[in-house]
Structures are given as C-alpha cells and as structure tokens.
Amino acid sequence: MEKEKCLLVAVQLSSDRAEENDMEELEQLVEAAGGEVISSVVQNRISFDNRFYIGQGKLDEIANYVKELEIDTVVFNDELSGSQIRNIEEIVEAKVIDRTNLILDIFANRALTKEGQLQVELAQLKYSLPRLIGINKNLSRLGGGIGTRGPGEQKLEIDRRRIKEKISDIQNQLEDLGKVRETKRKKRMKDQVPIISIVGYTNAGKSTLLNALVESEYKEEAENKKVFAHDMLFATLDTELRRVRLPGGKRAVFSDTVGFIKKLPTQIVEAFKGTLEEIKYADLIIHLIDINDENLSAHKETTTK
C-alpha cells in the first residue's frame, strides 16, 4: 500500500526556539502513522493567524508545493480550529490535519484492549464535537439564506446529539471497566503487593525495561510475558502489568504506562485518566529517561509536568 505523501507546516513564534526539534518529532509521528514526509515549511511569526494559522502568502506558497510535489496531506504542528481547517483546505486543495488529529490516529491504530479502544474513541469524539459546533455557529451567524438552507444545519444538530450520546455511552462503559480495575487494585493492596509504575516520554524505553525485568524473572517462559517494544513513538499504548520478583525475594507489580509527548492532546489525558490514575496508587514511580536523547531536559520537563 502506497504511503500518504505529507507536507509538514509549523509556526515558530518569536518566543519559541524549539520548533526545529518539534518538526523532527512531528516527522516521527507521521512515520508512526504510516505516512511519508516529503517536505516541511516553518514560518516565523509574532502570533498565529486566526483564519489560516499561518500567513495568507505562505499558505499560497504551500498550495503550490501541494501541486508540485503531489502532496496528499498537509500536517500542522499545532491544534487547529474547525474553521481554520476548512479555510486552509479551500486554498491548498488537499486533506489537512493537525498534530492532535495525528496523535489520535496513531492511538486508534495502536489500542488493543477494549478499554484502550474506548478511551481513544472518547478522545476522538471530544476532539470532533467542538468542530461540528463551530460549523453550526457559522451557519447560525449567517442567518439562513442561500447556501445555509435545507438539511445542513439540521444534520449538524443530529450529528452533535449523536456524538454527545456516544460520549455518554463510552464514559459509562469506561466507568464499569474502572470498577473492575479498582477491584483488582484493592486485591493487590490487600495482598500487600507493591506497585511500581514506569513513566516517561514516548519511546524512552519503558517497554524495553519491563521486558528486561520479565526476562530476568521468567527465563524460558519470558517470550509469552513480554510486551511489544519497538523504536518508534507510541509503539505501545495499553497499560501493561507484570509481576516480578525483586532481588530481595519480594514480588512487585510493574506497570508500563502510556508515554507522554510535548503538546499531548488534552482529550487524550482526559480520556486516559482512568488508566493514568494507576500511577497515583503506585508505591514507587520510576521516571525513565533515555540518556542518549538530545532533548533530554525538555522531555524530562514534559513528563514531570
């Protein structure tokens, strides 16, 4: 299957000098999603443009790149509003997605458990809801007339209601799953089994560390206990728990949590609060940092935050 050709776009504000690293990370996110980065554009600005995120002249330039390079998708390094996406798509004549949408897409592809899949779906619905409302508000502001009549506004109302109903349904399902998780957690606490949570930036090596512990514990049977580990952003998504015997002979449960990233969508944090709260009950938190990471300080700060 041919990969989508992507063009990356970002605005570097005068107060932010980290955009070069951001673009490297955005390229890795595109690759993790199965796309191919053809080129990138960074514009220096004092502030974001309300209509287009970038300046009109730079947007026209991007539209030319899209035609010349046969770009399928233009990926923006910040979260865009629904109106910004529509305005940009009208000019560049290509699919436009933002960083949040890209991360949600990766999560949707990586979630394996029922809970993980529900959490991702909840985050995606919460992302799409204000964008539908934005369209509806635009129609209302126009006050009807040519181009606003017919089923359009009514359909948006129906879509909005269905999304809200679906959000409510998923939240109820996650609440039920949360009760099951809480029961298991209480049993571990009653059995006085220590919980050790491994946290860190995405691709820092959390799953690799867990696998090393598993290999040490289970020897020949370790392969069946190992979690998926790969050198890419968000290779694993679902929280994994493994019992491991510590050097002193006592057993502990190690949990490998979802990795963090700069500009992690608020929808993700909100949707995953159920599994992320496992960290709150940990007896020990291991903040894993890749010593070879060029952006070590920034990644440490992001995870701590």
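## Overall fold

Eleven helices and eight strands make up the secondary structure of this chain. The model is a predicted one, so please read every value here as computed from it. The chain has 305 residues, of which 44% count as buried. About 17,000 Å² of the chain is exposed, and carbon and sulfur atoms supply 49% of that area.

If you look at contacts with a separation of 6 or more, 71% of them come from residues 24 or more positions apart. The salt bridges below give some concrete examples of such pairings along the sequence.

## Salt bridges at helix α1

The count of salt bridges comes to 14. A good place to start is Lys-262, which pairs with Asp-22; their closest N and O atoms are 3.1 Å apart. Lys-262 sits in the loop between β7 (251-256) and α9 (266-271), while Asp-22 belongs to helix α1 (residues 19-32), so this pair ties together parts of the chain that are 240 residues apart in sequence.

Are the two partners buried or exposed? Lys-262 has a relative accessible area of 27%, which makes this residue partly exposed. Asp-22 is buried, because its relative accessibility is 4% and the cut-off for buried is under 20%.

Helix α1 offers another partner in Glu-25, which forms a salt bridge with Arg-99; here the closest N and O atoms are 2.7 Å apart. This pair also links distant parts of the chain, with Glu-25 in α1 and Arg-99 in helix α4 (residues 99-110), 74 residues apart. Both Glu-25 and Arg-99 are buried.

## Arg-181 and its surroundings

Now turn to helix α6, where Arg-181 lies. Which residue does Arg-181 pair with in a salt bridge? The partner is Glu-115, and the closest N and O atoms are 2.3 Å apart. The pair joins helix α6 (residues 152-190) to helix α5 (residues 114-142), with the two positions 66 residues apart in sequence.

Arg-181 is buried at a relative accessible area of 14%, and Glu-115 is buried at 16%. Leaving aside residues up to four places away in sequence, Arg-181 touches Glu-115, Gly-274, Thr-275, Glu-277 and Glu-278.

## A shared network

Some salt bridges have partners in common. Through such sharing, Asp-22, Asp-78, Lys-262 and Lys-263 are joined into one network. Two of these names will be familiar, as Asp-22 and Lys-262 form the salt bridge with closest N and O atoms 3.1 Å apart.

## A negative patch on the surface

Which residues gather in a patch of negative charge on the surface? They are Glu-2, Glu-24, Glu-27, Glu-31, Glu-36, Asp-72 and Glu-294. Helix α1 gives the most to this patch, with three residues.

Glu-27 is a handy residue to pick out when you view the patch, and it lies in helix α1. Its relative accessible area is 33%. Glu-27 therefore counts as partly exposed, since that class lies between the 20% limit for buried and the 50% limit for exposed. The value also fits membership of the patch, because patch residues need over 30% relative accessible area and no salt bridge.

Helix α1 thus appears in two settings: Asp-22 of this helix is buried and takes part in a salt bridge, whereas Glu-27 is partly exposed and belongs to the negative patch.

Note on methods: Residues are numbered from 1 along each chain as its sequence is written. This is a predicted model: local features need pLDDT of at least 70, side-chain atom pairs count only at pLDDT 80 or more; totals for chains, interfaces and linings use all residues. Side-chain values use heavy atoms; hydrogens and water are left out. A salt bridge is a side-chain nitrogen of Lys or Arg within 4 Å of a carboxyl oxygen of Asp or Glu. Helices (H or I, at least four residues) and strands (E, at least two) are DSSP runs, numbered from the N terminus. Buried means under 20% relative accessible area, exposed over 50%, partly exposed in between (1.4 Å probe, protein chains only). Patches are made of residues with over 30% relative accessible area and no salt bridge: like charges are joined within 9 Å, nonpolar side chains (Val, Leu, Ile, Met, Phe, Trp, Tyr) within 5 Å. Accessible areas come from the Shrake-Rupley method with a 1.4 Å probe; for residues, only the protein chains shown count as cover. Lys and Arg count as positive and Asp and Glu as negative; His and the chain ends are not counted. The place of a charge is taken as NZ of Lys, CZ of Arg, CG of Asp or CD of Glu. Contact means heavy atoms within 4.5 Å.
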